[in-house]
Amino acid sequence: MVRANTAYVLDPETTIFKPVELQVDLGIQPLYAIIGCRLLEVVRFDERHTLFVDEEGLQDGLTAFTIFEGFPPPIAGKIVLVGGDGSTPYTSPLTSLEDAAKHFKCCRPALDPVFAKADEVSPGGIIIAGALAGLQCRIERRAPTLVEGVA
């Protein structure tokens, strides 16, 4: 029988936060495949938990990212939460999926149309009322969507 630990995986693209099983004897190797990266970064979640993230995730063309409470930069790509402080082999998380989810906000850029008002003037001339005058960017923030049960 193969021993496995549970880890929690957050995908900011779908906002899904779910538990998965990781084979213990493979160490951190499965994390590269789950996250889809070449270089892992270790981020402390708290004194009993660690996050593994893509070190090179923040790049041009970013369509979604995660804000982690207490960590200044946004985190791009999937996030794996495990038990342990990162210095020893990881274990299953000691916190619930629900409690862990409270520390994250999944974010994605959104474009809102801006319509011209009556007789609005632009550098190119008069714009007809109701015509598309431009786009305004904002960031949507959503709590993770919890999926119970180990995959």
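## A small cavity and the strands around it

Over residues 7-102, the chain is 12% helix and 36% strand, and the C-alpha atoms at the two ends sit 16 Å apart. That stretch is the one the UniProt record, an unreviewed entry, annotates as "domain: DUF3846". Keep in mind as you look around that this is a predicted model.

Now for the empty space inside. Rolling a probe the size of a water molecule over the atoms shows where empty space is left. Here, the structure turns out to hold 1 cavity of 30 Å³ or more. The volume of the largest cavity comes to about 50 Å³.

Who lines it? P12, E13, T15, C106, C107, R108, E140 and R142 do the job for the largest cavity. By character, that lining divides into 3 nonpolar, 1 polar and 4 charged residues. Two strands, β7 and β10, each supply at least two of the lining residues, and β7 gives the largest share, with 3 residues.

Here are the strands that come up in this report:

| Strand | Residues |
|---|---|
| β1 | 4-11 |
| β2 | 16-23 |
| β5 | 65-68 |
| β7 | 104-115 |
| β10 | 132-142 |

T15 deserves a closer look. You'll find T15 in the loop between β1 and β2, and T15 is also among the residues that line the largest cavity. Is T15 buried or exposed? T15 counts as buried because its relative accessible area is 4%, and the cut-off for buried is under 20%. Its backbone is worth a glance too. Most residues other than glycine have a negative phi. Phi of T15, though, is positive, near 70 degrees.

Back to the two strands that help line the cavity. What order do the strands of the open sheet follow? The 3 strands run in the order β5-β7-β10, with antiparallel pairing. β5 and β10 are the edge strands, each pairing on one side only. On average, neighbouring strands in this sheet are turned by 35 degrees against each other, direction ignored.

How many bridges join β7 to β10? There are 10 of them, and the two strands run antiparallel. If you want one pair to find on screen, try V114, whose bridge partner in β10 is G134.

To put the pieces together: β7 and β10 are joined by bridges in the sheet, and each also supplies at least two residues to the lining of the largest cavity. From the loop between β1 and β2, the buried T15 joins that lining as well.

Conventions. Residues numbered from 1 in each chain as written. Predicted model: local features only at pLDDT ≥ 70, side-chain atom pairs only at ≥ 80, totals over all residues. Heavy atoms only, no water. 1 Å grid on protein atoms, 1.4 Å probe; cavity = no way out; pocket = protein on both sides within 12 Å on 5 of 7 lines; lining within 4 Å. Points joined across faces, edges and corners; volume = space filled by probe spheres on them. Helix = DSSP H or I, 4+ residues; strand = E, 2+ residues; numbered from the N terminus. Nonpolar A, V, L, I, M, F, W, Y, C, P; charged D, E, K, R; others polar. Buried < 20%, exposed > 50% of the residue type's maximum accessible area, 1.4 Å probe, protein only. Pairing = 2+ DSSP bridges. Axes fitted to C-alpha atoms, helices over the stretch in contact; angles between N-to-C directions. UniProt positions renumbered as here; feature names shortened; annotations may be inferred.
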